[in-house]
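This report looks at charged pairs, helix packing and the end of one helix. The sequence and the coordinates come first, and the discussion follows.

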Amino acid sequence: IRTLRALGKTATMVNYNLETVSTDYDECGRLYFDELSKERIMDIYEKDNAEGVIVSVGGQIPNGLAIPLDEAGVKLLGTPANMIDNAEDRMKFSDMIDEIGVQQPKWRELTNVESALDFASNVGYPVLVRPSYVLSGAAMNVAWTDDQLKACLTEAAEVSQDKPVVISDFIEGAVEIEMDAVAKNGDIIAAAIHEHIENAGVHSGDATLVLPPQDLTAYQKERVRDASRKIAKRLNITGPMNIQFVAKGTDVMCIECNVRASRSFPFVSKTMGVDFIEAATKAIVGADT
């Protein structure tokens, strides 16, 4: 909002959480306490005669609204809605990762229980069940036995509804690496690699991060950079992005890409002394970065 104000633009904030600093009415031109739904955003968009909507700084819920808002004729600023969908839809993302030559854990689309059990017997337990369009961790489960896998599938199907569910090999004893970055028209313009203290498998909201990374090899960091460049280009990202990797030995595998600001963006900005959100905002509205 401060960057937009400096660029001579007025910002409207829509927020349903009264407890956050982003509800400080002194910061934005207009502030609405309302639900984050397609209908309410449409009402506000039309009432304020807005030139566009930014969905990449509001967590997981706005990402889920990208396609419905785009189909309703709302102008989304930043990464195109269909590319947000390509990142959020597990099937599309895994297909895309294979297509551009980025390594990932073995995976399969879940069509029925039998195919899931067959996959688990081939790669060996544990396996990870991952629904689409959920905040990391929601109905995402590690199964160690056939019975656990069947239970996980039921929960994932309930959460995911019409969205694809993917089963993948769970890599034990791996280090988790994150890449926070800002891209403009598919080219990365700011980036930071940080590593998790805990092994991969601890939800990133509970994990401890360290920046700069202490135990990653030059080879691992270069693999992360190369994969991030390919993903940013393929998704034509403009704005913030967060990519998660697991590394074990010489394997550096991509597990997820969020086309939005992550919880670690402020941490990275303060540690590096570079305002990632300012850079992302300028990229999104087409200002010089």
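Helices are here DSSP runs of H or I with at least four residues, numbered from the N terminus. With that convention, D226 and K230 both fall in helix 8 (residues 218-234), where they are 4 residues apart, about one turn of the helix. The model is a predicted one, and what follows should be read in that light.

## Salt bridges

Side chains of opposite charge can pair when their charged atoms come close. For a salt bridge, a side-chain nitrogen of Lys or Arg has to lie within 4 Å of a carboxyl oxygen of Asp or Glu, and by this rule the count comes to 15 salt bridges. The side chains of D226 and K230 satisfy the rule with an N to O distance of 3.4 Å; D226 is partly exposed, with a relative accessible area of 33%, and K230 is likewise partly exposed, at 31%. Elsewhere, salt bridges that share partners link R2, R5 and E27 into one network.

Three of the pairs are set out below, with the N to O distance of each.

| Pair | N to O distance |
|---|---|
| R40 and D43 | 2.7 Å |
| K92 and D85 | 2.5 Å |
| D226 and K230 | 3.4 Å |

R40 and D43 are 3 residues apart in helix 2 (residues 38-47), so that about one helical turn separates them. R40 is partly exposed, with a relative accessible area of 27%, and D43 also counts as partly exposed, at 40% relative accessibility. In the pair formed by K92 and D85, the two partners fall into separate classes of accessibility: K92 is partly exposed, with a relative accessible area of 38%, whereas D85 is buried, with a relative accessible area of 11%.

## Helix 2 against helix 3

Two packed helices are described by the angle between their axes and the distance between the axes. How, then, do the axes of helix 2 and helix 3 cross, and within what distance do they come? The axes of helix 2 and helix 3 (residues 60-71) come within 10 Å and cross at roughly 60°, and the two helices are therefore oblique to each other. The crossing in which helix 2 passes helix 3 is right-handed. On the side of helix 2 the residues that meet the partner are K38, I41 and M42, and on the side of helix 3 they are L65, P68 and L69.

## Helix 10 and the segment after it

At the start of helix 10, a side-chain oxygen of D275 reaches to within 3.2 Å of the backbone nitrogen of I277. Within helix 10 (residues 276-285), the buried residues are F276, A279, A280, T281, A283 and I284. These buried residues pack against helix 1 (2-6), strand 7 (175-184), strand 8 (187-199), strand 10 (239-248) and helix 9 (265-272).

Just after helix 10, G286 adopts a positive phi of about 80°. A287 is placed in the segment after helix 10 and is buried, with a relative accessible area of 15%. Which residues does A287 contact, leaving aside its neighbours within four places in sequence? With those neighbours left aside, A287 is in contact with L7, K184 and K282. The C-alpha atoms of A287 and L7 are separated by 8.1 Å, although the two residues are 280 residues apart along the chain.

Key:
Residues numbered from 1 in each chain as written. Predicted model: local features only at pLDDT ≥ 70, side-chain atom pairs only at ≥ 80, totals over all residues. Heavy atoms only, no water. Buried < 20%, exposed > 50% of the residue type's maximum accessible area, 1.4 Å probe, protein only. Contact = heavy atoms within 4.5 Å. Polar contact = N/O pair within 3.5 Å; in protein donor to acceptor, adjacent residues only side chain to side chain. Axes fitted to C-alpha atoms, helices over the stretch in contact; angles between N-to-C directions. Parallel < 35°, antiparallel > 145°, perpendicular 65-115°, else oblique. Left-handed = near helix turned anticlockwise from the far one by under 90°.
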